[in-house]
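Please work through the following exercises with the sequence and the coordinates at hand. Each task is followed by a solution in steps.

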Amino acid sequence: MENGKTPLTEEQEEALSEIWMRIENRKEIPQAGTSAPLRRMKHREGLDELIRDGYIKAEGDEVRLTETGFAEARRFIRNQRLSERLLSDVLNLEMEEAEKSACRYEHMLDTDAAESICILLGHPRTCPHGNLIPPGECCVSGETSLRPLVVPLSELEAGETGTVAYIGTTDHARLSYLSSLGVMTGRPIELIQKKPSYILKVDENTVAFDESVSREIFVRPSQRKRPIAGIGRRFRWGWR
Amino acid sequence: MAQENNALLTDGRESPESEKLILVGQPNIGKSVIFSILTGRYVVVSNYPGTTVEVLSGKALELDRYVIDTPGIGGIVPRSEDEVVTLRTILSDERKSILQVGDAKNLRRTLMLTLALAETGLPLVLDLNMADEAEKSGYVIDTKSLAENLGIPVVLTVATEKRGKEALLDAIRRPSRPSIRVTYGPRIEEAAGLIVDALPRAFPSRRFLALILLSGDPGLADDLLKDRDEGVKRKIRDIVSRAQAQFGEPLSQVIMEKRAAHVERIVKKSLTKREGQALAARSLRTLEDVSTHPLWGFLVLGLVLFGLYEFVGVLAAGYIVDFFEDVVFRGLILPPVIQLLSHIPEPHVRNFFIGEYGQITMGLTYALAIVFPIVAAFFVAFSFLEDTGYLPRLAVMLNKAFTRVGLNGRAVIPVVLGLGCGTMATLVTRILETRRERIIATLLLALGIPCSAQLGVILGMSSKIGGGAIFLFLCFIMLQMLVVGYLAAKVLPGDTPFFITELPPYRIPRLDNVLSKTYFRTKWFIREAIPYFLLGTAVLFFADVTGVLDRLMDLFSPVVVGLFDLPKKSSQAFILGFLRRDYGAAGLFDLFDQGLMDGLQAFVSLSVMTLFVPCIANVFIIFKERGYRVAFLLVSFVFAYAIMAGTVLNFFLRRLNIHF
């Protein structure tokens, strides 16, 4: 999804997950190029599709993860294990129950959401079964404060970009005026400055307003592209 | 409520039968320029949203139509008086078609309004103006596809250069009823249908009105259906609140999102963007960033003020006034005129023209030699600033400070304009959203903002009293404004409204536009001012001849002499000041020049004069715009406050032994 390809099907994701676990069962660390035994795989259909789309290569009795296959598998495993952690630790579900629910929505998580869960849980290293959770960008930068996926504009830093999620006001005039200036759900925005007044770029428009208005414009910030350098790397993994 | 016709700018509509063409559009996209192209009538055009505050009408030169220019509307739900005026014009029951003027580079925004206007069912033409700016930003607009999708003629123009005029005229001749129709889902459609049925059958554009009413507050029905009967209004309010109860989010948002989805579909088909553009105006872009920067922005603000001071205060009020007064008037014009008129045998008649309070020696000389150059210079500077697009940035910088006194950044326009002419500025307070803001702005304008004529005299005077004096004077006046504004904001019920403004791109002002604006503004000012100058002088003359002046001076002397420690004669300046503040200030200047006042007295008298009731023209406008009750309270307050503040100021200066 992230690199503009069609998203994997659930079946494909499950198949990747199975390969990943087989590699781990051999006490190997999954990487691009590591392979797992093909025998008695559960998700045959997904497997065929993965081969067709170039995520894995079949070599005799083995399947080998390609570069993209590894990245996708890693992402999915991370989502899966974070979901399990969330459900068992935060929602206090029994392991079995947790696994079942996690199965359902691990497929729906995107990277941003996974990152939020990761921060919320304090960058867990293992899933409830004791398997390693591949670290994400947030773990590397050691981010500790959770940032909701949708925030009022006042929470953005000057220079950040995002898209308008919704306008949280019941004042009709304000709503109508903002939308007439192009500040509408779904429009990409760039916050130019916050002081002395907020200045926002939407399409070709530049709009200025005061703080009270900024608290009513809810945006989905674009992913932060600046890892916080120098803050102790808490994790050292065998993965890249 | 704003008057639809104002004697100041509008002429009558002559033939009611002919079909009207109404210009509608968002603020600051050139409706007024289009209007003057179509009608050949001059309108004040500026790079600031909200300059047109009233409806203008004129006959189109090349078409058999009356053209009506309306104040810009932001959204379709009105925010201020001027926007209500626009909606009323659209909803009036004359035969008409609409010319929507839109911003070519903001197609989405323009089309949002188009879709709303399409609901009127009136013949419509869409003019995408400022096509050059869109082109510079790399946009390519397929007008043919737009026209097909909307079912109306669509043209591209660059109004300031008259590009696209022929196509526009051609389109206006064949407007058509839009074929596009947005449906808003069963529940909203049902409510809209109910409102349409509730409205009288003869009512024009019922669906359009219904959707506005659904998008607005319940009180909006009262505003737009002013003279309809109570039962209808109540019924509509019920329908609106019942419809609203079915949605979690405001109805306006639901409606807007439906429109936005349509707009998106149309835009996809008719707009492409070329990449790698928009390098043209780099330096202007940088300026944009700098002038709203939390630090550099204030530096720019300081520079602008300094420039304004140098241009108006030093150049105009100093050199040009000196030249006009000493060389032109006292040197060239007055001697032969006095020579001629001194042959009049009857002393009273002679003095009426050339005496101490003579129409020519005092009235005309003040008006033309002192006031005129200053005001003209101010309007040049203001028009220039306005056309660059700096004023909204000024609003961005000052919004915080304005919030303290119950106003917001939007009030920058009336306040800055007030430095030119308080009367004009009081009229422009209409662009403010709430009655509360309009009252506060009117109060502050009346109380503390010195108009350019007065400012010029003050600057001239203070340069003779000393540089420290002007600084102290400004501090004192600012302090009074803050105190009064703060208290007014506390006393008057209501909240300070939110501040949202569009920042138009910087544009390089066109000399001809700046000059013609200055010309019309100055002409307006002169026409307003000179009669009052002459009237004031005449009143003084008769008061002097009949001895009333002496008695009035006696009446005022306890205040003037007792509280302010000023010479008795200065009360004459205060009486003059009521007719025109600048005139009064000029009178004080004279007393100071003649050595009848020392620096301290001059300082105190000037401060009081500034706080004092504004000129009589302004008072008239205050009564007209704010109503008798509010105006009476305002004027009495200002009067009492000026006396109090002057007394305190005088007391402290003397106590602290400050001299100039």
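The exercises below concern a predicted model and proceed from whole chains to a sheet, to helices and to the contact between chains.

**Exercise 1. Compare the two chains by secondary structure, burial and contact range.**

Solution.
Step 1. Count the elements. Chain A has eight helices and nine strands, while chain B has 28 helices and nine strands.
Step 2. Determine the buried share. In chain A, 39% of the 240 residues are buried; in chain B, 50% of the 660 residues count as buried.
Step 3. Examine sequence separation. Among contacts in chain A with a separation of 6 or more, 63% are between residues 24 or more positions apart. For chain B, 73% of the contacts between residues at least 6 apart join residues at least 24 apart.

**Exercise 2. Establish the strand order of the six-stranded sheet in chain B and describe its pairing.**

Solution.
Step 1. Write the order. The open sheet of chain B runs β2-β3-β1-β4-β5-β7, with mixed pairing.
Step 2. Identify the edges. β2 (56-59) and β7 (154-156) of chain B each pair on one side only. On average, neighbouring strands of this sheet are turned by 20° against each other, direction ignored.
Step 3. Recall the principle. Strands of a sheet pair through backbone hydrogen bonds, either parallel or antiparallel.
Step 4. Follow the pairs from β2(B). β2(B) and β3(B) run antiparallel and are joined by four bridges; B:Lys59 stands opposite B:Tyr66. A hairpin of six residues connects β2(B) to β3(B).
Step 5. Continue to β1(B). β3(B) and β1(B) are parallel, with four bridges, and B:Leu23 has B:Asp69 as its bridge partner. β1(B) (residues 20-24) is also parallel to β4(B) (residues 96-103), through five bridges; here B:Ile22 is partnered by B:Ile98.
Step 6. Inspect the side chains of β3(B) (residues 66-69). B:Tyr66 and B:Ile68 point one way, B:Val67 and B:Asp69 the other way, and all are buried.
Step 7. Add the helix that lies across the sheet. α3(B) lies across β1, β4 and β5 (124-129) of chain B, and runs at about 165° to β4(B).

**Exercise 3. Contrast the burial of helices α5 and α26 in chain B.**

Solution.
Step 1. List the buried residues of α5(B) (residues 143-150). These are B:Leu146, B:Asn149 and B:Leu150. They cover an arc of only 90° around the axis, which puts them on the same side of α5(B).
Step 2. Relate this to helix geometry. An α-helix has 3.6 residues a turn, so residues three or four places apart point the same way.
Step 3. Find the cover. The elements over the buried residues of α5(B) include α3, β5, β7 and α11 of chain B. Just after α5(B), B:Gly151 takes a positive phi of about 80°.
Step 4. Turn to α26(B) (residues 599-611). This helix has 13 residues and reaches 19 Å from its first C-alpha to its last, close to the 18 Å expected at 1.5 Å a residue.
Step 5. Assess its burial. Because 11 of the 13 residues are buried, α26(B) is largely enclosed by the rest of the structure. Among them are B:Phe603, B:Val604, B:Leu606 and B:Met609.

**Exercise 4. Which face of strand β9 in chain A is covered, and which strands pair with β9(A)?**

Solution.
Step 1. Separate the faces of β9(A) (residues 217-221). A:Ile217, A:Val219 and A:Pro221 form the covered face, whereas A:Phe218 and A:Arg220 form the uncovered one.
Step 2. Locate the partners. β4(A) (residues 151-152) is antiparallel to β9(A) through two bridges, with A:Pro152 partnered by A:Phe218. β5(A) (residues 161-167) is also antiparallel to β9(A), over five bridges, and A:Gly162 stands opposite A:Pro221.

**Exercise 5. Describe the contact between chains A and B.**

Solution.
Step 1. Count the participants. The contact takes 37 residues from chain B and 30 residues from chain A.
Step 2. Assign the side of chain B to elements. α3 (107-118), α11 (251-270), α16 (390-404) and β9 (500-502) of chain B each supply at least two residues. α11(B) gives the most, with five residues.
Step 3. Classify that side. It has 14 nonpolar, 15 polar and eight charged residues.
Step 4. Look for pairing across the chains. β8(A) (residues 205-209) and β9(B) pair in the antiparallel sense over three bridges, and A:Phe209 stands opposite B:Ile500.

Notes:
Residues are numbered from 1 along each chain as its sequence is written. Chains are lettered from A and ligands numbered from 1 in the order in which they are written. This is a predicted model: local features need pLDDT of at least 70, side-chain atom pairs count only at pLDDT 80 or more; totals for chains, interfaces and linings use all residues. Two residues are in contact if their C-beta atoms, placed from the backbone, lie within 7 Å. Ala, Val, Leu, Ile, Met, Phe, Trp, Tyr, Cys and Pro count as nonpolar, Asp, Glu, Lys and Arg as charged, and the others, Gly among them, as polar. Two strands pair if DSSP finds at least two bridges between them. Axes are lines fitted to C-alpha atoms, for helices over the stretch in contact, and angles run from 0 to 180 degrees between N-to-C directions. The expected span of a helix is 1.5 Å times one less than its number of residues. A residue is buried if 20 or more other C-beta atoms lie within 10 Å of its own, exposed if 12 or fewer, and partly exposed in between; C-beta atoms are placed from the backbone. The arc is that of the directions from the helix axis to the C-beta atoms.
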